[in-house]
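Biologist: I keep stumbling over the words people use for structures. Can we take some of them one at a time?

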Amino acid sequence: MAGPQCCSHPPVLNPSSGSGHAEKFGGLDSYVTGSPHSKLAILFLSDIFGFQAPKLRKFADKVAAAGYFVVVPDFFYGDPFVVADDGSFDRLPVWLKDHSPEKGFEDAKLVIEALKSKGVSAIGAAGFCWGAKVTAELGKHDQDFIHAGVLLHPAFTTVDDIKEVKVPIAVLGAEFDHLTPPEVLKKWEEVLIAKTEIKSYVKIFPKVEHGWTTRYDVEDEKSVKSAEEAHQDLLEWFSNHVK
């Protein structure tokens, strides 16, 4: 079960953050950014803190600037996980029962259908923590839903999930992550290397912990640099596989 790392460094949510705007998309409240006329779209699947996290939206804006229409849905229906005042995360198991990745998968399909109906021809998915499990599920269906995926500091995702992925997949993990530690990521890598029919890679970032791509300390130069490196890796992956 997810523990303190999943809940560490929670963002201060801001519904007005980002250079995009909020609208209903696929039936879900969503943050959208980038040209609505782009034929290429990226679906951001957030961590447990949801779609109003400013650094997540900033990352979405960066991806949009590369030419994509980016959608960041509120898969939690206005109820993201909130760390207790005393810093405890005891209610996480209960919260997850009402906000399961399986439900997220069903909702994500509606968003993808909405993207296709507006003329989008290729879709990528970026899943953070909780969202990585949903991204893996989307990737199990050839290219019915997504053309490529990136899993960033994944949680709730198993080696069996990885075995079933059928689209190009990149995994960006942390050296210090008890949710999906390096030894697990290396098993994933072995599985993916054996799946010669799809492009893939696994990269373990040194000296960072779970959540580093969207919960970095802006005052810490090394932290920012590691996050930016992961952002660039994601952009390059989608540049090659969502086109």
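Modeller: Sure, let's begin with helix H4 and helix H5, which are oblique to each other.

Biologist: Why are H4 and H5 called oblique?

Modeller: They pack at an angle of about 60°, with their axes 9 Å apart. Angles under 35 degrees count as roughly parallel, over 145 as roughly antiparallel, 65 to 115 as roughly perpendicular and the rest as oblique, so H4 and H5 are oblique. Their crossing is right-handed. One thing up front: this is a predicted model, where local features need pLDDT of at least 70, side-chain atom pairs count only at pLDDT 80 or more, and totals for chains, interfaces and linings use all residues. Residues are numbered from 1 along each chain as its sequence is written, and side-chain values use heavy atoms, with hydrogens and water left out.

Biologist: Which residues make the contact of H4 with H5?

Modeller: Contact means heavy atoms within 4.5 Å. From H4 (residues 101-117), the contact residues include Phe105, Ala108 and Ile112, and from H5 they include Trp130, Val134 and Leu138. By class, this contact has seven nonpolar, one polar and four charged residues.

Biologist: And what makes H2 oblique to H8?

Modeller: H2 (residues 54-64) and H8 pack at an angle of about 40°, and their axes are 11 Å apart. That value makes H2 oblique to H8. The crossing of H2 and H8 is right-handed. Phe59, Lys62 and Val63 in H2 meet Glu228, His231, Leu234 and Leu235 in H8. Those residues divide into four nonpolar, one polar and two charged.

Biologist: What makes something a cavity, and what makes it a pocket?

Modeller: On a 1 Å grid over the protein atoms alone, a cavity is a set of points where a 1.4 Å probe fits but cannot get out. A pocket is an open set with protein on both sides within 12 Å along at least five of seven lines, and lining residues have an atom within 4 Å of a point.

Biologist: How many cavities of 30 Å³ or more does the structure hold?

Modeller: One. The largest cavity has a volume of about 30 Å³, and Pro11, Asp47, Ala53, Leu56, Thr214 and Arg215 line it.

Biologist: What is the volume of the largest pocket?

Modeller: The largest pocket has a volume of about 450 Å³. Of the 19 residues that line this pocket, the closest to its centre are Lys207, Val208, Lys222, Ser223 and Ser226. Strand E8 (200-209) and helix H8 (221-241) are the elements that give two or more residues to the lining.

Definitions and conventions
Points joined across faces, edges and corners; volume = space filled by probe spheres on them. Helix = DSSP H or I, 4+ residues; strand = E, 2+ residues; numbered from the N terminus. Axes fitted to C-alpha atoms, helices over the stretch in contact; angles between N-to-C directions. Left-handed = near helix turned anticlockwise from the far one by under 90°. Nonpolar A, V, L, I, M, F, W, Y, C, P; charged D, E, K, R; others polar.
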